[in-house]
Every structure is written in C-alpha cells, then in structure tokens.
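Open your viewer and get ready to select a few things one after another. At each stop, I will tell you what to pick and what is there.

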Amino acid sequence: MSEKVLYALTGLFETPDQIIDAAEKTSDGGYKKYDVNTPYPLHGMNQAMKLPPSKLGYAALVFGLSGTVSALALMYWMAVIDYAHVIGGKPYFPLPAFVPVMFEVTVLSAAIATVFTMLFVVFKFPNNSHPLHDTGYMKSVSRDKYGICILAEDEKFDENGTLKFLEELGATNITHQYFTEDSYATWWSVLDKKFAGILAVTAIATSLVVYIGLNKVLYMQPFSWMMEQEKLNPQKGSVLFADGFSMRNPVQGTIARGDLPYEYAVDPEGASKLVNPLPITEANLQLGKVKYDIYCSPCHGFLGEGDSRLRGQFPNPPSLHSEKVRDWTDGRIYHVIAMGQNVMPSYSSQLSRNEKWATILYVRALQRSLNAKESDLQ
Amino acid sequence: MNSTHHSLDYIRKDLPVNFKKIGLILSVVGLILVIAAYYSDPVRSAFNNLVFLMLLTSIGLGAMFLVAIEYIGGAVWSTPFRRIAEFLAAVLILVPIAAIPVYLNLHDLYHWTHTDVVAADKILSSKSPYLNESFMLIRIALFMAIWLIFYKIITGNSKKQDESKDQNLTTKNIKISAIFMPFFALTITFAAIDWMMSLEPHWFSTIYGVYYFSGTVLAGLAAVTFLAVYLNEKGLLVKGLKSDNYYSLGALLFAFTNFWAYIAFSQYMLIWYANLPEETFWYLARWGGNWKFVTLGLLVVHFIVPYFGLLSQPSKMDPKRLKFMSLWILFAHLYDIYWLVMPTFSKESFVFGWIEAGFLSLAVGVILLIFNYKASRENVVAIGDPKLIRGINFRL
C-alpha cells in the first residue's frame, strides 16, 4: 500500500444555479481537471464548464455505418453470390427488401457500440471503482447537493489557493480528499473479491430463479397460437374413441374412390403380367414427363442414365437404359414404382395409378431415345 | 448570473416593412397569374390550385398541431416561439377560400365525380357511398369547421393570457389540445384521402394519412423555425434567446425528416413487395417518362439533403443552417405535394411553368401577409405564459 496523497478538494452547493455559476467561474479561473457532480443532469452545464462537444457521436456514426455496410454485404453475399435464389419473383438483389434489415442493423450496432465505447473509453471499464464514490461528498451529491471536485493534478491547483477559491465561490463542506494512488489508477478492481463474488451470486441466482420459475413452476409454452387446436391429430391419442387412437381404419371392405388395392405386393412375377392401360398420347407422355422430372429424376437423372445430382451420395441409382430394365414388362416396372426396390422407396403415396402408368410411358420413351428399334427409323 | 433572465425583456415592434412589402408583391403577382391561369388552362390551374390548397393546409394545420402538442407535452423550450406557430395556424382561415376553386372544378380533378363513369365501374360504384360529391362537401366543411373552432379557442386563450397572465388558461389549453388531437388525427387523414388520394380513386394506401401528416408537421415546423430565427435576428422576439433555444426546432425537423422517410419507404416497400397491379400502378405512374427523375429527386430533396444537413448536433442550433434547412424543407414539402398530385394531371412528363409559379407566389405571399397581419395586432411572444421565462432560460 502506498501512501495517501491529496487527490482533490471538494465543495458542496445548495442550488443548481449556484453550481452552474461555480462551474463557470472555475473554468474561467483556468482550471482544467475538475468535475461537477449533481444528482441529475443540469441544462447549461456543458457551456458553464466549457466542455468540448462529446466525441461519442463519432463512435455512433462509425459503428452505425459499419453496421449498414456489413448488413448489406452479408445479404448481398447470401442472396447474390452464395445462394442466388429467386424469391417472390424479385431480382436477386432486391434493395428495398434489404433496407429494413440495414436500418435495424445500423441502429442496433450504433446503439450497442456506443454503450460499449462509453463503458470502455469514457468510463475506463474494467476499472469500476473509485474511492471518491465511497466518500461523504459523493453521498451528498447523489442525494440533494451539487458538488464540485477540483483535482490536485490540475496545473493551477494549489492547496491553499484552491481552498480559498472554493470558499469565495460559496462552497460549503470543503473537504480534502486523500487517497492512495493505487486505489483509483487500477483496472483490476473489477476482480475485487467482494464485487466479483456478488456478481457471480447474482448471476447464478437470477438464472436459477428464471430457470425454475419459467420451466418448472410456471411452464408457458412459447408461441402456441395455432399449435393447440380442438381437432384430432394423427399419431395422437384421443378420448373420443374406445381404443384411444385418433386415427381410424377405413370401414371394412371399402376402398378410397379412384383407388384399387395393389394385388401383387408380394408377387413381382404376377405384376409382370399387368398391361399399361394408358394409350400413348401427347397428354399422357406430358403427364409422365412432369411426374418423372419431379419424382424420378432426382436419382435416375433427367435422361434416366442414373447420373443425377445425387450421384455419389447414395448407392448409385441404376440406369434405366440397361438391358434388364428394357426387357422388363410395363407391369414389372409398375411393381418397382409401387413397392420400391433396394433403397428406392414406394412412390404410391406420391403417384396415383394413372400417374405411375404415365410415368412408365415416359420411361419407355426415354429408353427408345437411346435404343431405338429399327421400326423407329422408318 | 448573466445568462439567466428573471424578468421579461420584450417590447412589441412591427415586423420590418419589407416583410409586408414582399408579401404584398408576391400576392398581387400571384393573384394576377392565377386569374390568367384559370383563363388559359382551367384544368391545369385546378390541379395547381389543389397543390396550393394542400400547402396552405399543411402549414396551417402543422403549426396548429405543434401548438397543441407543445401544450399537451408541457414543453418549456417552445414557449418563446409558440406565438409564431399560432400566427401560422391562422393560415387555416385561408384554407376554405383556397378550397372554393377546387370545388368549382371537382369534375376536372376527380374522376369519381362523373356519375356515368362511376356507374360503369364496379369498384367505383362500391366506393360511391363514401366517394360522392355531396358527402365530400359535408365532410370537408366539417373538417374545416373543426380546425377553425380549435384554432379560435386555443389561440384565443393564449392571447387572453397576454393581458390576464392567468395560469388557468394554460391548463384549459392543455385540455382543449388533448381533445383536439383525435380530431386532428381523423380530419387530417380523411382530408388527405379526400383531396389527394381520391385523385386516383382505384388506388388505396392505408398509410396515406400518416404520410401526409409527416409532411404537414415538417412544413409547419419548417415555417416556424425559419420565422423564429428570422424574427429573433431582427430582435422582434424576447431578449435572451440563444442557439440553445433553437435546438429542439432543429431536432424535431431532423426527427420528422426521418419519420417522413420511414413512412414513405414503408408505403413504397409494401407495395413493391406485394406487387399487386391495383396498387403498383400508382408508383408506375410516377416512374414513367421523366417523372422518374422527379421521384428519385424526391428522395434526395426530401430526405438525403435535410438528413445530412441536420445530422450533427451543432447544425441543429446554427441559425444560418436552420434558416437554410427550413426553407429547403418547405420546398421539399411543396415538391412532395406536387409529386402526389400532378402525375394525375400530366401523365407523360412533369410540367412547370408560369402557372405553377403563380400559385407558388400566391401561397408564399398570402402566408407572409397573414403572418404580418397577426403580428401587427398581437404580441409575437406569448408574454403571459407562465413557462416563458423558463423557456427563455432553456439551456442544453
């Protein structure tokens, strides 16, 4: 511990007018290193103390603008370079849609960065304490008095002269403040045991209270507006039916309209005898192409060569141009679509009966494109 | 303390002779041009008359709004300037007069006043319970009556206070201002819809009233700011006003510049995003031909210039900057109204000629004249206001 030295002279005033007057005279008197402490901000104090305009605005400007630019750059990179996607029929770079985001990010980064600038640059965090705060002077000025504090390090400071100066200003309770130097010129005060301990206890206690309060005691589901509905959901229990299921089996002996049960589920050979009921028309081929492009092409490729964009990520899908598939009957292909094969799942829930047959027509057309029959050349 | 005044230092003086002279010259020249314009091109004149009407309404109603909101908020800083806003609110008296030629030319201005057109148009006929001539006349007459009644009461109380120094008048005005607010909100919204939005009766924008409101407050504020700085420089206001007293005027101008941009952009972005033909055609009309440049110019004139002109704190207090920016913002508001109204008249390209200049000259002239008229009869400062001394001593 070093020796206590004179840090400052402090004096108190009774009214805002007096303190503004005192601040004006102190700055006129040539003092530079002094501060005024009041219970609330006083209009006109800046001028009385002849303070230069705050530079904090520049921090806000710089950080705000960098927020704007980074928001724009981020969205540009995402929407134009990395994942160009037509959204809502707008151009890849829809500036008006970006403006709200740019605006919000500007405000957010300016606000947060200004607070942090103030904290670290102006308030000198992590130095979070000052012995002046523990004096009777600070107690008075945070209650109902207006105080002035002239630092001993000021060039014009002179213990007796400044004392006289404060007396002439009409200050009361003029106090010599003696502090050791390491009590205020530190940054590690934030690590002070008492401070850090209370901070940790507060953080843990708050987290526990919030966690227990909101998860155990008073659980509130967030955003449940449309999730809870008075209806039966699949896979959910129900008290309405005796068996406790919400899902019902179809009535015995009935089938859905336009649907026929597939009889050859375990009998591919039997399925081979099925004959494509659709005539080869432009409309059927078109339907087949649409369905093929949607459901088959992701694996088999648009031309059926098994060279799709998913190649390499799964066991490679087979080409549809192999002799085996070419020699299959329509019914045999139908069986694969209906029941799936190896890693290929059933497509019955995606493709209706007619759509399957139309898809087969299109597959046949694809096959003929590579392996034309002689009759095609005529 | 030398910076604080404990007693009032105000001597009533007339405005400079030039003020009246310029007002007179502009009015007379404007009136001659306007009459000539009605003879040479009645349709174009009617549209210009509408712009003229909206400009007067903006300044009068904007000033009225400032008076009321300052009463409600208990504003101290504004008391030295409040009478300026009260005088400007007197422009409302001219609004019914400026509206007469508009009513005489309803058929040239508003598509929906033609009953045969409305009958053939399903959308217009379903809007006709609201959009019809007689209802519009009743509505607008009602709006003007409301504005004038509140104007009379509030400024009347304020004037009485000069003599009586009665604090209860302030309390009374606070209450009346609070009652005025909902009326103000509704009347300005529907006035904007009736007078301007219905120029394109198929088009609709739910934010239109707010859009016009933002411009109105800007116009009122800008006029008050200019006159406050001007009169103070001429020594016609109380002694002891410093640039600190201007700060809130500059800050409000800056705030409402942003507010206008926010509203204007909201309206644009939603319509652009939804991309519905029944809404987009209004913007497309302002993008065709060389209207495109007017539209882009609006962004620069109404937002970018005032934004950067008033961004820094010192610029919000600098009398020179404030005078320039307030005139600029008044011009921007005129530009805005022109942009709202004129594309209906001239679809291919914007027009500016002696007709437009005539109406502008008349508008500036009559505003100056009515201000001079009020200032020659009443105190330019509300000397009876109990908050005045605190207002003069206001420091940042």
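Here is a short tour, from a whole chain down to a single residue.

This is a predicted model, in which local features need pLDDT of at least 70, side-chain atom pairs count only at pLDDT 80 or more, and totals for chains, interfaces and linings use all residues. Residues are numbered from 1 along each chain as its sequence is written, while chains are lettered from A and ligands numbered from 1 in the order in which they are written.

**Stop 1: chain A**

Select chain A and colour it by secondary structure: there are 13 helices and four strands. Helices (H or I, at least four residues) and strands (E, at least two) are DSSP runs, numbered from the N terminus. The radius of gyration of chain A, taken over C-alpha atoms, is 41 Å, well over the 21 Å that the globule rule gives for 378 residues, so chain A is more spread out than a compact globule. That rule is 2.2 Å times the number of residues to the power 0.38. Along the principal axes, the C-alpha atoms of chain A fill a box of roughly 120 × 60 × 40 Å.

**Stop 2: a strand in chain A**

Now select β2(A), residues 34-37. Which side chains point to the buried face? They are A:Tyr34 and A:Val36, while A:Asp35 and A:Asn37 point to the other face and are not buried. Buried means that 20 or more other C-beta atoms, placed from the backbone, lie within 10 Å of the residue's own. Add β3(A), residues 146-151: four bridges join it to β2(A), and the two run antiparallel. Within β3(A), look for A:Cys149, the bridge partner of A:Asp35.

**Stop 3: two helices in chain B**

Move to chain B and show α9(B) (residues 167-195) with α10(B) (residues 208-233); their axes come within 8 Å and cross at roughly 105°. Axes here are lines fitted to C-alpha atoms over the stretch in contact, with angles from 0 to 180 degrees between N-to-C directions. The crossing makes α9(B) roughly perpendicular to α10(B), a label for angles of 65 to 115 degrees. Among the residues making the contact are B:Ile188 and B:Ala192 of α9(B) and B:Tyr212 and B:Phe213 of α10(B). Contact means C-beta atoms, placed from the backbone, within 7 Å.

**Stop 4: B:Met317**

Finally, select B:Met317, in the loop between α13 (291-309) and α14 (319-341) of chain B. Is B:Met317 buried or exposed? It is buried, with 20 other C-beta atoms within 10 Å. Leaving out residues up to four places away in sequence, B:Met317 touches B:Ser243, B:Asp244, B:Tyr246, B:Tyr247 and B:Gly250.

Conventions. Angles under 35 degrees count as roughly parallel, over 145 as roughly antiparallel, 65 to 115 as roughly perpendicular and the rest as oblique. Two residues are in contact if their C-beta atoms, placed from the backbone, lie within 7 Å. A residue is buried if 20 or more other C-beta atoms lie within 10 Å of its own, exposed if 12 or fewer, and partly exposed in between; C-beta atoms are placed from the backbone. Two strands pair if DSSP finds at least two bridges between them.
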